[in-house]
Amino acid sequence: MNPFKDILTSENEIRDLLGYPSEVVKRKTIHHIDVHCRNFISMSPILFISTSDKEGFCDVSPRGDAPGSVLVLDEKHLVIPERPGNRRMDSLRNILSNPRVGIIFIIPGLEETLRVNGQAYIIKDENILDQMKAKEKKPLLGIGIEVEECFIHCAKAFKRSGVWDSKTWMEGDALPSIPTILSDHVNSTEFTEEVIRRGLQESYEKRLY
């Protein structure tokens, strides 16, 4: 049984409640990587990339690395290195099905973010990948982005959350136990909490690159 009531089904209904964007918001989108966007990307150690398959099933995935690891080729193209992960390949499989992507670049301590939208390609160009080595290891693949939109997103979400204020952070013992969660979700006597914990530690220590 659907618990949601009074569902809005048109943009006009939403606009009646929320209104329209300011002139600055309407005009802030650019369609290339200018010097400001290039500088922002060079300082960002983490991004989130959103993808969906052709049926509309969605995914958002983090990509983290040293600042400058995302390679800007020119004002319309950038490349995200595909470092070792869990091999689910959600983003990559979605891109094969539907190349439209959205990206948010984050700089720690800065509450505004940079949003980039465009078309993605999975690339194996050795000349490009050679430029993206980390810890003397070259990524096997890259996600190439043909940029269609760039714009700064306001700081309200980060201000409301206080995410950069360490006083709002929970103590370690109060945080969710990831091995416990994974062990319960996997639901197998073979993969106990301790087995999961050791596996995560080994992965983080030996298979980051």
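# Close-up views of the predicted model

**View 1. Helix α4 lies across the sheet strands.** Helix α4 covers residues 90-97, and the strands it lies across are β1, β2, β4, β5, β6 and β7. Its direction is at about 45° to β1. Keep in mind that this is a predicted model. Another helix to look for here is α3 (residues 35-43), which lies across β3, β4, β5, β6 and β7. Helix α3 runs at about 80° to β6.

**View 2. The whole chain, to get your bearings.** Before zooming in further, here is what the protein chain holds: eight helices and seven strands. Its C-alpha trace spans about 55 × 55 × 40 Å along the principal axes. Of its 209 residues, 29% count as buried. Take the contacts with a separation of 6 or more: 64% of them come from residues 24 or more positions apart.

**View 3. Seven strands make one open sheet.** Reading across the sheet, you go β2-β1-β5-β6-β7-β4-β3, and the pairing is antiparallel. At the edges sit β2 and β3, each of which pairs on one side only. From one strand to the next, the twist averages 30°.

**View 4. The β1-β2 hairpin at one end of the strand order.** Strand β1 (residues 46-52) and strand β2 (residues 58-64) run antiparallel and are joined by seven bridges. If you want a pair to find by eye, try I46, whose bridge partner in β2 is G64. Five residues lie between the two strands of this hairpin. In that turn, G56 has a positive phi of about 95°.

**View 5. The other neighbour of β1 is β5.** These two strands pair in the antiparallel sense, this time over five bridges. A handy landmark is I49, which stands opposite I103 in β5.

**View 6. A hairpin joins β3 to β4.** Just two residues link the strands here. Strand β3 covers 71-74, and β4 covers 77-82. The two pair in the antiparallel sense over three bridges. Look for D74 standing opposite H77 in β4.

**View 7. F105 and the residues around it.** F105 lies in strand β5, which covers residues 100-106. Is F105 buried or exposed? With a relative accessibility of 0%, it counts as buried. Leaving out residues up to four places away in sequence, F105 touches F40, I41, S44, I46, L47, V70, L78, T113, L114 and V116. Some of those names tie this view to others: I46 belongs to β1, while F40 and I41 fall within helix α3. I152 is another residue to locate, 47 residues away from F105 along the chain. The C-alpha atoms of F105 and I152 are separated by 9.7 Å.

**View 8. Helices α7 and α8 pack against each other.** Two packed helices are described by the angle between their axes and the distance between the axes. For α7 (residues 178-186) and α8 (residues 193-206), the angle is about 120° and the axes are 8 Å apart. The two helices are therefore oblique to each other. The crossing of α7 past α8 is right-handed. On the α7 side, the residues that meet the partner helix are I178, P179, T180, L182 and S183. On the α8 side they are E193, I196, R197 and L200. By type, the contact divides into five nonpolar, two polar and two charged residues.

**View 9. Two residues with an out-of-the-ordinary phi.** Most residues other than glycine have a negative phi. D6 is not a glycine, yet it has a positive phi of about 55°. You will find D6 in the segment before α1, and its relative accessibility of 73% makes it count as exposed. N187 is also not a glycine and has a positive phi of about 55°. This residue sits in the loop between α7 and α8. N187 is exposed, with a relative accessible area of 66%.

**View 10. Helix α1 and the glycine just after it.** How many of the eight residues of α1 are buried? The number is zero, so this helix (residues 11-18) lies largely in the open. Just after α1 comes G19, with a positive phi of about 85°.

Notes
Residues numbered from 1 in each chain as written. Predicted model: local features only at pLDDT ≥ 70, side-chain atom pairs only at ≥ 80, totals over all residues. Heavy atoms only, no water. Pairing = 2+ DSSP bridges. Helix = DSSP H or I, 4+ residues; strand = E, 2+ residues; numbered from the N terminus. Buried < 20%, exposed > 50% of the residue type's maximum accessible area, 1.4 Å probe, protein only. Axes fitted to C-alpha atoms, helices over the stretch in contact; angles between N-to-C directions. Parallel < 35°, antiparallel > 145°, perpendicular 65-115°, else oblique. Left-handed = near helix turned anticlockwise from the far one by under 90°. Contact = heavy atoms within 4.5 Å. Nonpolar A, V, L, I, M, F, W, Y, C, P; charged D, E, K, R; others polar.
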